[in-house]
Structure formats: structure tokens, C-alpha cells
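The exercises below are to be worked through with the sequence and the structure at hand. Each task is followed by a solution in steps.

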Amino acid sequence: MLSTTEHRKLRLKARIRQNLTAYAFLAPALIFFVLFLAWPVVALLIQSFQTGGIMSPAKYVGLENWRQTFTDPLVVKSIRNTVVYSLMAIPAVFIIAMILALSLNTVRFGQNTFKTIIYYPTLQPILLAALMFTFVLHQDFGILNIILRAITGEPVNFLGNRNLALPTIAMVEVWKGAGFWTLLFLAGIQSLPRDLYHAAELDGAGPGRRFFQLTLPLLKPTFFFSFIFATIVNLQIFDSVFVLTDGGPVNATVTTTWYIYRSLFTFNEPGYGATLSFVLVILVLALTAVQTILFRERR
Amino acid sequence: MSLRRSFTNRPIASLQPTGAMMLTAYVVLCFASIVSLTPFLYILSTSIKETNSLFTYPPDWIPASIYWGNFQKLFGETNFARWTLNTLFIGIAITLLKLIIDAMAAFALAKLEFFGKNLISVALLLAVAVPVAALVVPLFFIIRSMGLLNSYWALILPALTNPLGILMLRSFIVSLPADLDHSARLDGASEWQVFSQMTLPLIRPGLVVHAIFTFMLQYTSFLWPLVAIQSDKKQVLTVGISSLKSNFVVDWGLISAASLLATIPITLLFLALQKYFLSQNMSGAIKG
């Protein structure tokens, strides 16, 4: 028989070994996590109080960057554009994807072919999608403008117009993203219990009522994930802006990430970029938290 | 009997869509298919035309003779082939490394008890919501202080971080029956043996989804390579192609040829692993 102290010792030893094993498994992931994710978030805060750093050593400037960030009209505009862009792109792509998912759920033949075709643009990098869109939008040879010219006789300068540029950038995201959300919503629809639909049908609910009072509420978990994911991705919009408009015309498509990039390579003021980055991190985390609470309460 | 029938999952006749609904659905899907594919077909058409012939109106959709000049210029005067190889090499390297790293971490989180487990789980979950684009400024300085700017390592190392993969694989491992590894441990198997010989083979579908997800994320990345790589020869495909547009006179034929060829690797991957792409395992797994 072991004494209590010996027993305790053995248990402690076993527990230490267990911990060592677990941390051996975790070590590579934790090292990269700390080095390239956790530490950069902390570094953002530090850099937001500094100036310079690229050519000359960084200097402490107190709250100068923060004051600058909230008074610089370009920064304010970049946040506004990013939010407006997301408010256009996300609802548009969700509504279109829902229509496509319902259509796919309705048809009996060719479902897989349609799925593949609609999903295809989703495979491409957003940069490539944007670049391909110049062949849709170009005033002279853009395919959309060729069609518009045939109908109205006038080409439209989508990217050169201050009011059209941002919606056009959103259009790229809709074209590229629709397939992804379509398949996600379709999987959601197809996993819903059919019994409920039979019951609703027996109670005399038509297709419209079944959609609004059964499908939509039942898909809440899918929407929850979708809204959070889409918000995180879309608030970082950069690639299509960089390749299509580079912030123009007249700063109409300046976005937060565009400004962060420019702060590093054009303005030579990484402190501004770090400050704005920190704001972006907080903004995304806050929106994610709000969405989580909203969806929990309504459940 | 009749009660039982009403609870089966078999569709009953009246729930079948009407003819009008079916027709609408087909019209919607055909329209969506045209919108999806037209840009691809159009760049195919422009890539085999001379750039100045693009500006004729009305356009000739299918040129009478194929012009190969754009492709010759792409391989002769730009680093397009290098960009493609770089992208593939970096993508595969990251995918393999991340697969091992994430599977190990996911195994520990799913199957082992240790101090700080909850803290790490919460940290990973929070980190999913951190927008990576916001980290380029500090990452630039970290990579620079390591002396790795403008090297493949600059692209590989930070990409090994994304915590989504760990959470996804963890949900796969958690769903495995616990009895299996208990009995293996009783038979004297070490945790490494349980991991490598039992867990990994059982979560193969999860590993494939993880690999696709990781590779796609790398293949589509743009901002970080743009920041971290200055040398054109070390650049990846996305940034390389976008640099074709920065010339004073934009060679649209060249860009369309490059865009067209850039779709090929990912299309081949898609065709080979279509089942995994379309089953929505990917987002389903992330959700879970």
C-alpha cells in the first residue's frame, strides 16, 4: 500500500507529465501564435504612440497619432467608406445567395452543374476577380459597357465616378462571393427537418409564408456564422481597391486597410497605420461581440 | 400508419414545387451562370487578340485568327512562370507545415488535460476575429528585425498562425469516440502513437478540408506579399499580376492572358477535389 504522501507525489508526477506532453503538442502552434498574432496586437498599441521607424529609429510621441487619427479627414473617410462598403456588399451578396440557394433547392436536374458554375468565381483570388472586372467595367472594351452602349448609347465610367466607384467595388465582392454563400445557405436549407414543412403545409401555409416563418428563423445559426465571418472579411477590403481605383476618384474608395498600407509605404508614418489598425481590430472585435449578443438574445 | 407516414422525411407530392416555381428557378440559375462565367470567357477572348483590337466597336468576340503574342510576352518578358512556381511552392510548404502544427495542437486541445486549457481555447477563439490586415504594420517590423524581409520565410512563417485551422481540426477530433484512444492507452500506446496512428487516419476528411482551406488562403493572399516582398523574382502570382497594371500604358491583352493562366492551378485543384469544395464541409467545419 502507498502512503498518502507517496500517493500524492505520484499523482503530482503524473500530472506534470501530462502537462508536459500536452504542451509539447501545443508548442509549435503556440510559438507561432504568440510571435505572429498575439505580439503584433500588442505591438500595434506600442507603435500607435510612436513616430518613424522605417528609415529612422522610432520615437515616442505620446497621443499625437491618436489625435491625428481622429482629426484627419482621410482617416475618418476611410472608416466611413469601409463601413458603407460592407453595408452594401454583405446584404447584397446574402440576398442574391439566398435567391440562388432557394433556386438550387427547387430544381431537379442539373443541380450539380449549376452549383459548380456558380461556385467557380469564388475560387479565384479577390485580386484576380477585381482585375477581371476591369474587362467588365472598362469604358471602351468592358463587356458591361458594350451592353450599355448597345442599349443606351452611352458608356458609364464606373470607376471614375465618385458615386459609383464604391458600389462597383462592392459589385466585385458580390460576383466573387455569391457562390460561397449560396452553397452555405443551400446546405443549411437542406439540413432543415422536412416534417415541419409538411405540418406548415397541412396548416395551409404557402411557399412565401413557409420561407419567412420557417426557413429564415430556422437558419439563424447559419446566418449567425455568416454575418460574423462576412463582417470580419469585408471590413478588411483592400485588394480590389488597390487594383481598381487605388483610393480614387477623389478618395471615394479610400478604405481602412488601404490607408494602413499607404501609411507604411507612401506616407512613411507607420504610427498612423498602427493607430488605425488598432481601431480596426477593436471595431471588428466589438462588432463580433455585438452580433453574438444579438443572436443569443433573439434565440 | 398514417401518423407514421406524415413523419417520414419523404417529400409528399404537394410540397413539390409547381411548374412556375421550377421555371423561375431555372431562369434565375441560367442568368447567374451567365454572369458567373462571362468574365472568364471574355478574358479568354481578349487574351488571344492584339490589345489595340480591343478598342474596336462593335467588338469581334471570337477573333478570326489566334494571336499568341500576349502569351509569348508573358513568358518572355515577365516573371510570370516564376510567380506561379513561387505561389505553388509557398502554398504547398505552408499547407504541409500548418497541417502538422494544427493537428498536434488540436489533438492536445481535444484529448489531453492540462493547465491553461480554457485560457488557450478562448485566446484562439478571440484571435479568429482579429483582422489580419490590421497586423501588417507590426508584422513588417517583426519580420524586418528577423532579417527575413524579401525572403520566402517572410511569407511562410506568419501564415502558420491562423487559429481557424486548429479550431476546425479540434471539432473533428472531439467527435471521435473516446473509447478508442482509452483502450489504446491501456495497451501501452504513447500519446504520440495515439495521435499519429489512430487520430490522424480517422480525421482524414478534416485534414483534406484543412489543407484546401490553407492552400486557398495562401493562393489568394495579396496584401502581405505586397508588403513583405520587394524582389519581382520572389513575388507571388497575385502581386505579380497586379504589377502588370502599373505600367504607364496598360497592356490589357497581357493582363488578360496572365489572369486566364492564373485561374488554371486552382481550377485543377478544384476539379480534383470537387467533392470537398462543394460539400461545404469547409464552412460547416469552421462553424462547428
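**Exercise 1.** State which domains the assignment gives for chain A, and describe how they are placed and joined in this predicted model.

*Solution.* Begin with the bounds: the domain assignment divides chain A into domain 1, covering 4-47, and domain 2, covering 66-298. Next take the C-alpha centres of domain 1 and domain 2 of chain A, which are 39 Å apart. Then turn to the contacts, counted where C-beta atoms placed from the backbone lie within 7 Å: four residues of domain 1 of chain A meet six residues of domain 2 of chain A. Finally, sort the domain 1 side of this contact by class, which yields three nonpolar residues, one polar residue and no charged residue.

**Exercise 2.** Work out how many residues each chain gives to the contact between chain A and chain B, and characterise the side of chain A.

*Solution.* Chain A contributes 75 residues and chain B contributes 80 residues. On the side of chain A, helix α1 (residues 4-47) supplies the largest share, with 18 residues. Classifying that side of chain A gives 55 nonpolar, 14 polar and six charged residues.

**Exercise 3.** Assess the confidence of the model, and locate stretches of chain B where the pLDDT is below 50.

*Solution.* For the model, the scores are ipTM 0.90 and pTM 0.89. Chain B has an average pLDDT of 86, with 91% of its residues scoring at least 70. Within chain B, residues 1-14 have a pLDDT below 50, and this stretch makes seven contacts in the model beyond near neighbours in sequence. Residues 284-288 of chain B are likewise below 50, with ten such contacts.

Conventions: Residues are numbered from 1 along each chain as its sequence is written. Chains are lettered from A and ligands numbered from 1 in the order in which they are written. This is a predicted model: local features need pLDDT of at least 70, side-chain atom pairs count only at pLDDT 80 or more; totals for chains, interfaces and linings use all residues. Domain bounds come from an automatic or database domain assignment. Two residues are in contact if their C-beta atoms, placed from the backbone, lie within 7 Å. Ala, Val, Leu, Ile, Met, Phe, Trp, Tyr, Cys and Pro count as nonpolar, Asp, Glu, Lys and Arg as charged, and the others, Gly among them, as polar. Helices (H or I, at least four residues) and strands (E, at least two) are DSSP runs, numbered from the N terminus. pLDDT is the predictor's confidence in each residue, from 0 to 100.
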